[in-house]
Amino acid sequence: MMLLVGGIIGSAIFLTSRDIAAELPTPLLFMGVWIVGGLVSLLACFAFAEMGAMYPQAGGQYVYLREAFGDFIAFLYGWMYFTVVGSGTLAALAVAAASYFGVIVPAISAQHIVVAAGSWQLTRAHIVALGVIALLTWINIIGVKKAAVLQNIAGWLKYAAMATFVVLGFAIGKGSLAHFHAASSTATAVPHASNWSLLSAFGVALIAVFWAYDGWVYVGQAAGEVKRPERDIPRALILGLLLVCAIYVSMNAAYLFALPLPQIAAGEETTARAAAAALFSPAMGKWIAALVAVSCFGALSSAILSEARVSYAMAEDGLFFRRMARVNPRWRTPVFSLRAQAVWGGMLALSGRYDQIFTYIMFVQVLSYGLAVAGLFVLRRKRPDLPRPYRCTGYPVLPALYVTIAGLWALNTLWQRPVESLAGIIIVALGLPGYFYWRRHGGDAHTSATAHPAASS
């Protein structure tokens, strides 16, 4: 549960509220989109909980797609995850952590340029980001338990800080409840906006919300190292996501208490810092920067632990580099997979383009969730006798509802953001030559593994 909550809550809750406020005209919609995003994600978690208990293996969603639809679909998901989503998340979190650490310690900020070549720059913040990736990768290499301890410490620090921010904000902060009733300038600018326009804008706002909730798949990816996965994976998925939803709604309520919706929409990128300045004092800026840095640090630890298990599972199936499937006999961790992930994530961090690529792929990521949930129906038909310690709540209505919502959201995103959506499809398609190569030459890759990850967390 700590892995899931700590992995989901990174930088998004501090940064995305401005973009969401710019799309939605009323405080009710602004708050409602966070609840809807959480409930929609929960529908997927019900389905993933059943599949996670059925297949408690490293790889999570990759395994579910493989069992339901075969190697081809599973490979395209794994390719997307390694090349962009997983490594892009590492890059984004590492650079965000380094940037906010730089606010606290100016000597390591991005203002200090080490090397410049044309438009590309290497700053001290980049070096710190690489150091953070290397440190957390090393901790994950030498043992899952050590990584879990670090994850729990970082998690409780940020939870305590966020709870303090919310409680003190409403108790002694200089905010106003009137902000929850006042419409934004968008509402007055388009008084006759159609219901379809509002619904479409709501769907666009959900892009940022789904990104903020993304990360709940981490539990399934690390299932091979959970002692009682058939019991604990469903509990962690469902209870963890409900906790994240409560935290997100509370934080955004505090933002809205501090600032009217138009000010959130037109304000600085770090909404949390602007809200803290309004509630308490501008001097709170450094404390908020510390909170964001710790939050990103904890989320990065979760991401490194979980994401390497996807490429490990692909390699075991002979669909990726063979060395990815090797497990260190001493530490019982996929060392090469962790190192490769760190190297590629570091390169994306230095490129400066990881954030744009990650935006492109979010469209395909939600499609992959919808496809995996649809796979539950396939598995119910293909493997009816397989033990199911947890059976999906509300089956078949709730998983069908998620697949429908994900499909409609994808169509709206394709219409509203065609360039980004098509770019995501192209990135996935670039993996096709790799699939045919590994399919032909990597069939015996699973035999190269020296051991399986230990059930040690």
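Q: Which residues of helix α5 are buried?
A: In this predicted model, the buried residues of α5 are Gln61, Tyr62, Val63, Tyr64, Leu65, Arg66 and Ala68. Buried means a relative accessible area under 20%.

Q: What makes helix α5 count as mostly covered or mostly uncovered?
A: The helix spans residues 61-69, and 7 of its 9 residues are buried. On that count α5 is mostly covered.

Q: What follows α5, and what is the sign of its phi?
A: Glycine 70 follows α5. The phi of glycine 70 is positive, near 100 degrees.

Q: Why is serine 41 called buried?
A: The relative accessibility of serine 41 is 5%. The cut-off for buried is under 20%, so serine 41, at 5%, counts as buried.

Q: Where is serine 41, and which residues does it touch?
A: Serine 41 lies in helix α4, residues 27-54. Leaving aside residues up to four places away in sequence, serine 41 touches Phe210, Tyr213, Trp216 and Leu241.

Q: How many disulfides does a search of the whole structure find?
A: The search finds 0 disulfides. Cysteine 245 is in none, and the nearest cysteine sulfur, that of cysteine 45, is 11 Å away. A disulfide needs two cysteine sulfur atoms within 2.5 Å.

Q: How do you know that the sulfur of cysteine 392 is too far from that of cysteine 45 for a bond?
A: The closest cysteine sulfur to that of cysteine 392 is in cysteine 45, 10 Å away. The limit for a disulfide is 2.5 Å, so 10 Å is too far for a bond.

Q: Why are cysteine 245 and cysteine 392 both called buried?
A: Cysteine 245 has a relative accessible area of 15%, and cysteine 392 has one of 7%. Buried means under 20%, so cysteine 245 is buried at 15% and cysteine 392 is buried at 7%.

Q: Why is α7 called oblique to α15?
A: The axes of α7 (residues 124-141) and α15 (residues 285-316) come within 10 Å and cross at roughly 50 degrees. Under 35 degrees would count as roughly parallel, and 65 to 115 as roughly perpendicular. An angle of roughly 50 degrees fits neither range, which makes α7 oblique to α15. The crossing of α7 past α15 is right-handed.

Q: Which residues of α7 and α15 meet?
A: From α7 come Val132, Ile133, Leu136, Thr137 and Asn140; from α15 come Phe297, Leu300, Ser301, Ile304 and Leu305. By class, this contact has 7 nonpolar, 3 polar and no charged residues.

Notes
Residues numbered from 1 in each chain as written. Predicted model: local features only at pLDDT ≥ 70, side-chain atom pairs only at ≥ 80, totals over all residues. Heavy atoms only, no water. Axes fitted to C-alpha atoms, helices over the stretch in contact; angles between N-to-C directions. Helix = DSSP H or I, 4+ residues; strand = E, 2+ residues; numbered from the N terminus. Parallel < 35°, antiparallel > 145°, perpendicular 65-115°, else oblique. Left-handed = near helix turned anticlockwise from the far one by under 90°. Contact = heavy atoms within 4.5 Å. Nonpolar A, V, L, I, M, F, W, Y, C, P; charged D, E, K, R; others polar. Buried < 20%, exposed > 50% of the residue type's maximum accessible area, 1.4 Å probe, protein only.
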